Amino acid sequence: MATDSGTALTSVPSVHTGPAALTGPTTGTGPAPRPWHVARGGTAGAPPHAHAVADASDRGARLVAVGIAFAWHLAIGLPAVLEAGSGMAAPAVVAAGWLVTALVGVATGVSLLGGGLPPARRLTAVLLVVDAAVFAAVGERFLFTTANWVWGGLAWFLLLVLWQRPVRWLLALLAAHATIALVAVALHDATTPADLSRYAMYVYGTSTLPVAVFAGAAALTALARDRAGTAAAASAVAAEREAAERARGERQARLALVSGTAEEVLAALATGDADPADPAVRRRAALAAARLRRLIAESDDVPDPLLHELRAAADLAERNGLPIELVAVGAPPELPVDVRRALADPLTAALTGARGWARLTVVAGPDEVVVSLVTPDHDGPDDPVPTPDGDRSVEHLHERDGEIRWTQTRWRQA
């Protein structure tokens with residue numbers, strides 16, 4: 001028997017596709033491996049929909065953070081700088097620092113809202129330089145006023161630049177910001193207990209909220225990913241349980257069908273009501289064996305189940321001395337068991353009565369499968385064709401003209 005997937009062959013070598021018939025149903029199937037595993041903490045092992053939920057949560061947090069930073073910078077920092085004007089020690093430096101920070105914020109916001117992350121090292125270096133320059137240029141008079149906009153506004157831009165980085169990075173930069181502020185307080189000779197208390201209050205008040213937002217956004221994103229991953233895992237377990245129960249029911253149905261196919265012949269042989277030498281009895285036994293072998297092949301986990309089932313029937317016919325050629329053209333699509341059964345059963349029945357030789361052809365496309373069997377015609381009636389509960393979209397044709405018998409089944413996608 002020769003097989004090919006795309007080209008017809010003419011040689012007829014022997015084929016052994018599996019265990020001999022009537023050895024009992026076996027199965028090579030098992031639970032399919034999961035395409036992902038749920039990993040806590042947002043690792044790459046989380047399912048795609050868990051990442052989608054986490055991304056949606058993170059996208060909302062990014063939007064909020066960008067909005068807060070620019071609202072503070074525009075609604076609080078800018079009016080204060082304009083009002084202080086020339087009263088500051090170096091107003092041009094303060095204004096230039098405000099503009100540079102705004103540009104950094106625009107570039108960072110575009111990157112964050114586009115789904116990316118900004119270059120943290122370079123931008124944090126720029127912001128720290130601006131921090132030191134503004135503290136030096138604002139003057140002692142405006143040191144503890146809103147005109148010194150870096151007190152509260154700069155922390156939000158540090159938060160944006162360090163988005164999705166470890167929270168310790170933000171804490172380290174806020175510590176550097178507090179150190180720069182302390183040096184400025186000392187240089188401006190604002191070292192009275194009241195000034196130092198104001199310094200401590202400014203550092204605490206302007207740092208806690210950005211840290212809370214930064215840590216909270218990271219925690220909510222991780223929690224969303226974890227919850228979505230857990231829900232996806234529960235759904236996968238439920239789906240696997242349902243599939244296992246359905247597979248168990250199908251196996252029981254196959255076993256019942258096998259018993260009904262072979263029981264009558266075996267019982268007649270056991271009671272002596274059937275003569276093993278009778279050609280009709282032998283054909284019935286061959287049909288029962290072929291159908292049993294095909295039903296066993298149904299449960300095998302193979303890439304091409306239809307061809308596997310047809311090879312099982314062809315192999316049994318060849319073992320019984322019938323030279324057979326199997327030609328496959330194209331790759332059959334994934335078909336349900338009942339459709340494969342409706343395609344294969346008439347060919348299996350026709351093979352049991354074949355004489356001399358047989359040619360089995362499978363022509364498949366994405367939306368159509370045609371299975372044909374040609375054998376020499378011979379005297380006697382056609383063998384009865386079983387009527388499985390297959391898909392009604394499968395057509396069955398059978399013709400004989402005195403020289404050949406031709407059996408065909410055809411499935412078309414609805």
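**Close-up views of a predicted model**

**View 1. G365 stands opposite E368 in strand 3.** The model shown is predicted. Strand 2 covers residues 358-365 and strand 3 covers residues 368-376. The two strands run antiparallel. Seven bridges join them.

**View 2. Five strands form an open sheet with mixed pairing.** The strand order is 1-2-3-5-4. Strand 1 (324-329) and strand 4 (394-400) are the edge strands. Each of these two pairs on one side only. On average, neighbouring strands of the sheet are turned by 10° against each other, direction ignored.

**View 3. Strand 4 and strand 5 form a hairpin.** Three residues lie between the two strands. In the turn, G402 has a positive phi of about 95°. Strand 4 and strand 5 run antiparallel and are joined by seven bridges. Within this pairing, E395 stands opposite R410 in strand 5.

**View 4. Helix 8 and helix 9 against the strands.** Helix 8 spans residues 305-319. It lies across strand 1, strand 2 and strand 3. Its direction runs at about 170° to strand 1. Helix 9 (residues 337-352) packs on the sheet. Helix 9 touches strand 1, strand 2, strand 3, strand 4 and strand 5 (404-412). The direction of helix 9 makes about 175° with that of strand 5.

**View 5. Helix 3 passes helix 5 in a right-handed crossing.** Helix 3 covers residues 120-137, and helix 5 covers residues 167-187. Their axes come within 9 Å and cross at roughly 20°. Helix 3 is therefore roughly parallel to helix 5, because angles under 35 degrees count as roughly parallel.

**View 6. Residues in the contact of helix 3 with helix 5.** Helix 3 contributes T124, L128, D131, A132 and F135. From helix 5 come L173, A176, H177, I180, A181 and A184. By class, eight residues of this contact are nonpolar, two are polar and one is charged.

**View 7. Confidence along the protein chain.** The mean pLDDT of the chain is 77. A pLDDT of 70 or more is reached by 76% of the residues. Over residues 1-45 the pLDDT is below 50. Beyond near neighbours in sequence, this stretch has 97 contacts in the model.

Terms used. Residues numbered from 1 in each chain as written. Predicted model: local features only at pLDDT ≥ 70, side-chain atom pairs only at ≥ 80, totals over all residues. Heavy atoms only, no water. Pairing = 2+ DSSP bridges. Helix = DSSP H or I, 4+ residues; strand = E, 2+ residues; numbered from the N terminus. Axes fitted to C-alpha atoms, helices over the stretch in contact; angles between N-to-C directions. Contact = heavy atoms within 4.5 Å. Parallel < 35°, antiparallel > 145°, perpendicular 65-115°, else oblique. Left-handed = near helix turned anticlockwise from the far one by under 90°. Nonpolar A, V, L, I, M, F, W, Y, C, P; charged D, E, K, R; others polar. pLDDT = per-residue confidence, 0-100.
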